[in-house]
Amino acid sequence: MIPRAVIALSLTLMSGPALALDSSPVPLARPVTMPQAAVPAPVANVVGAGALFVSPMPLARPAVPPRVPVKEVSYGRKGSVCGVKSIRGQTLKPIAGEVAGCGIKEPVQVTEISGVRLSSPAVIDCQTAKTFQTWLEKGAIPAVGRLGGGIAELHIAASYACRPRNNQSGAKVSEHGKGHAVDLSGLTLNNGLSISVLKGWNDPVQGQILRAFHKEACGRFGTVLGPESDRYHQDHLHFDTARYRAGSYCR
């Protein structure tokens with residue numbers, strides 16, 4: 001038989017508040033995340049409203065071919081005059097003047113200068129030949145550049161001639177009569193185009209070349225005359241190596 005004291009204690013415990021038990025499940029361990037290789041984010045460009053596209057990678061630029069150097073004309077000593085390889089022609093015997101003041105002590109007959117042929121041989125002295133070469137290489141050829149393939153020929157209207165200035169009776173002996181002068185009436189380009197002083201001086205394109213010829217000759221030659229100088233030079237450019245105390249005369 002169970003004692004009354006034990007029964008009373010049991011009833012008291014049963015009538016009290018129930019013990020609360022935590023029924024929450026035990027959290028599971030998180031799975032281990034494997035590291036991923038880094039991927040560069042594409043560059044997105046906006047097109048229209050909300051549309052995206054990925055810009056393609058730029059293509060490699062093609063290699064720029066090297067510039068082809070301009071082939072220079074190579075000359076031997078044979079056929080050259082005045083001690084300059086690029087002045088081609090032959091030496092002549094002294095020319096005696098028909099009148100006082102004319103004649104050339106050491107004349108040369110020039111047929112080509114710096115790869116540019118002359119339409120007719122120019123009979124001049126070496127000082128004039130060298131000045132002409134300097135003007136051609138540093139003035140005329142650069143002025144034309146690659147237009148028409150460059151200068152092929154210069155049109156020589158006159159060189160040595162024992163006569164008075166402008167063929168006027170009673171005038172002083174012309175520089176032509178001393179071998180100091182060359183008259184240039186035009187030029188021909190390598191593509192066959194001919195340019196004349198008479199027809200081209202006021203042309204918008206050809207005139208630029210001819211006026212550049214005139215300008216580049218000033219200072220190199222002693223006297224430079226063109227169509228705007230007087231009525232005697234409407235169809236040619238006159239270059240001579242005469243020197244004056246006042247300096248070069250260009251008109």
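Me: What share of the contacts between residues at least 6 apart in sequence joins residues at least 24 apart in the protein chain?
Reply: In this predicted model, the share is 51%. The chain has 4 helices and 14 strands.

Me: Why is S114 called buried or exposed?
Reply: The relative accessibility of S114 is 15%. Buried means under 20%, so S114 counts as buried. This residue is found in the loop between β7 (107-113) and β8 (116-125).

Me: Why is N167 called buried or exposed?
Reply: N167 has a relative accessibility of 53%. Exposed means over 50%, and N167 therefore counts as exposed. Its place is in the loop between β9 (151-158) and β10 (181-189).

Me: What makes the phi of S114 and of N167 worth noting?
Reply: Most residues other than glycine have a negative phi. For S114, phi is near 55 degrees, a positive value. For N167, phi is near 60 degrees, also positive. Neither S114 nor N167 is a glycine.

Me: How many of the 251 residues count as buried, as a percentage?
Reply: The buried portion is 32% of the protein chain. The accessible surface comes to about 17,400 Å², with 58% of that area belonging to carbon and sulfur atoms.

Me: What is known of the confidence along the protein chain?
Reply: The average pLDDT is 80, and 69% of the residues score at least 70. Residues 5-24, however, have a pLDDT below 50, with 1 contact in the model beyond near neighbours in sequence. Over residues 58-71 the pLDDT stays under 50, and the model has 1 contact for them beyond four places in sequence. Where pLDDT is low, the predicted coordinates should not be read in detail.

Note on methods:
Residues are numbered from 1 along each chain as its sequence is written. This is a predicted model: local features need pLDDT of at least 70, side-chain atom pairs count only at pLDDT 80 or more; totals for chains, interfaces and linings use all residues. Side-chain values use heavy atoms; hydrogens and water are left out. pLDDT is the predictor's confidence in each residue, from 0 to 100. Contact means heavy atoms within 4.5 Å. Helices (H or I, at least four residues) and strands (E, at least two) are DSSP runs, numbered from the N terminus. Buried means under 20% relative accessible area, exposed over 50%, partly exposed in between (1.4 Å probe, protein chains only). Accessible areas come from the Shrake-Rupley method with a 1.4 Å probe; for residues, only the protein chains shown count as cover.
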